[in-house]
Amino acid sequence: MAGNIKLQICDNAADVAIQAAAAFAELVRAQPDAVIGLATGSTPEASYAEMARLHRDSGLSFADVTSFNLDEYWGLGGDHDQSYRHFMNDRLFQHIDINPWNTHVLNGKARFPELECRSFEDRILAVGGIDLWLLGIGGNGHIAFNEPGSPVDSRTRLVSLTQETIESNSDGRFFSDASEVPRCALSAGIGTIRESSSLILLATGEKKADAIAAAVEGPFSVDCPASLLQDHADCTFIIDAGAASKLTSK
Ligand code: PGA
């Protein structure tokens with residue numbers, strides 16, 4: 001079942017980044033106080049570089065934008081160089097004019113995780129919800145740290161990472177050794193993500209091809225968390241030819 005997921009298949013990863021950044025630029029130009037959702041990982045890095053370029057060269061302003069990030073490692077403070085707060089500051093926030101007070105990344109060192117998660121959800125509600133949320137996808141189909149089996153109505157919470165995710169994040173791109181990767185994270189739930197008015201999921205490379213095929217053409221099932229986006233009213237997958245290579249209908 002393809003559901004409602006719209007596919008934008010690009011020739012290469014560079015085009016994926018340009019298309020993704022263009023979608024955010026279009027939103028922010030039309031609605032300067034937009035509320036955007038952001039993601040970490042290797043895949044969105046080039047999109048953030050392109051957003052920073054649009055800010056620098058074309059005057060795209062994020063001055064009135066509010067942002068929320070999908071997740072954060074449990075136990076890492078924002079000053080840790082592998083924290084997602086650090087990633088966002090380094091890859092995007094310091095290169096654009098967003099007000100740091102309007103950037104929301106879960107606190108991985110919060111004293112009370114339930115309170116931190118509830119406060120995150122409350123802050124999303126207080127600004128009227130998210131207009132457009134950027135997502136990546138794991139090789140096992142996870143979105144944020146919602147691993148297979150995560151309920152469709154899950155909310156922001158403390159979760160455990162699967163061994164596959166721990167290994168994928170310790171392949172030298174981020175942590176150099178699996179023993180360094182935190183075992184838990186705070187993650188927006190699938191229900192939280194599904195409430196965003198629009199969603200853009202990025203995937204590049206053949207290593208994501210099985211997950212993309214399962215998400216788009218497989219059953220609506222918790223076995224592939226990204227398939228739980230199939231009934232979303234406005235969800236676009238922007239993917240390259242490698243990630244699209246196992247789709248039967250393109
Ligand atoms: P990646 O991670 O962009 O580093 O491949 C995506 C994800 O696991 O959600």
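**View 1. What kinds of residue line the largest pocket of this predicted model?** The lining holds 9 nonpolar, 13 polar and 6 charged residues. The structure shown is a predicted model. In total, 28 residues line the largest pocket. Five of them lie nearest its centre: I137, G138, H142, N169 and K208. The space inside comes to about 540 Å³. One helix gives the most to this lining: α5, residues 163–168, with 3 residues.

**View 2. The ligand sits in the largest pocket.** Its surroundings are made up of G41, S42, T43, G136, I137, G138, H142, R173 and K208. By type, this shell has 1 nonpolar, 6 polar and 2 charged residues. Look for I137, G138, H142 and K208 here. These four are also among the residues nearest the centre of the largest pocket.

**View 3. Side chains of T43, H142 and K208 approach oxygen atoms of the ligand.** Start with T43. An N or O atom of the T43 side chain is 2.4 Å from a ligand oxygen. Next comes H142. A polar atom in the H142 side chain lies 2.7 Å from an oxygen atom of the ligand. For K208, the distance between a side-chain N or O atom and a ligand oxygen is 2.6 Å. How much of the ligand's accessible area does the protein cover? On its own, the ligand has 280 Å² of accessible area, and the protein covers 87% of that.

**View 4. The second largest pocket has a volume of about 170 Å³.** Its lining is formed by Q8, A23, E26, L27, D131, L132, S198, L199, I200, D234 and T236. Two elements each give two or more residues to this lining: α1 (13–30) and β9 (198–203). Within the α1 range, find A23, E26 and L27. Within the β9 range, find S198, L199 and I200. The lining of this second pocket divides into 5 nonpolar, 3 polar and 3 charged residues.

Technical notes: Residues are numbered from 1 along each chain as its sequence is written. This is a predicted model: local features need pLDDT of at least 70, side-chain atom pairs count only at pLDDT 80 or more; totals for chains, interfaces and linings use all residues. Side-chain values use heavy atoms; hydrogens and water are left out. On a 1 Å grid over the protein atoms alone, a cavity is a set of points where a 1.4 Å probe fits but cannot get out, and a pocket is an open set with protein on both sides within 12 Å along at least five of seven lines; lining residues have an atom within 4 Å of a point. Grid points are joined across faces, edges and corners, and a volume is the space filled by probe spheres set on the points. Helices (H or I, at least four residues) and strands (E, at least two) are DSSP runs, numbered from the N terminus. Ala, Val, Leu, Ile, Met, Phe, Trp, Tyr, Cys and Pro count as nonpolar, Asp, Glu, Lys and Arg as charged, and the others, Gly among them, as polar. A residue is near a molecule or strand if one of its heavy atoms lies within 4 Å of it. A polar contact is a pair of N or O atoms within 3.5 Å; within protein, one must be able to donate a hydrogen and the other to accept it, and residues adjacent in sequence count only if both atoms are side-chain atoms. Accessible areas come from the Shrake-Rupley method with a 1.4 Å probe; for residues, only the protein chains shown count as cover. A molecule sits in a cavity or pocket if more than half of its atoms lie within 2 Å of its grid points.
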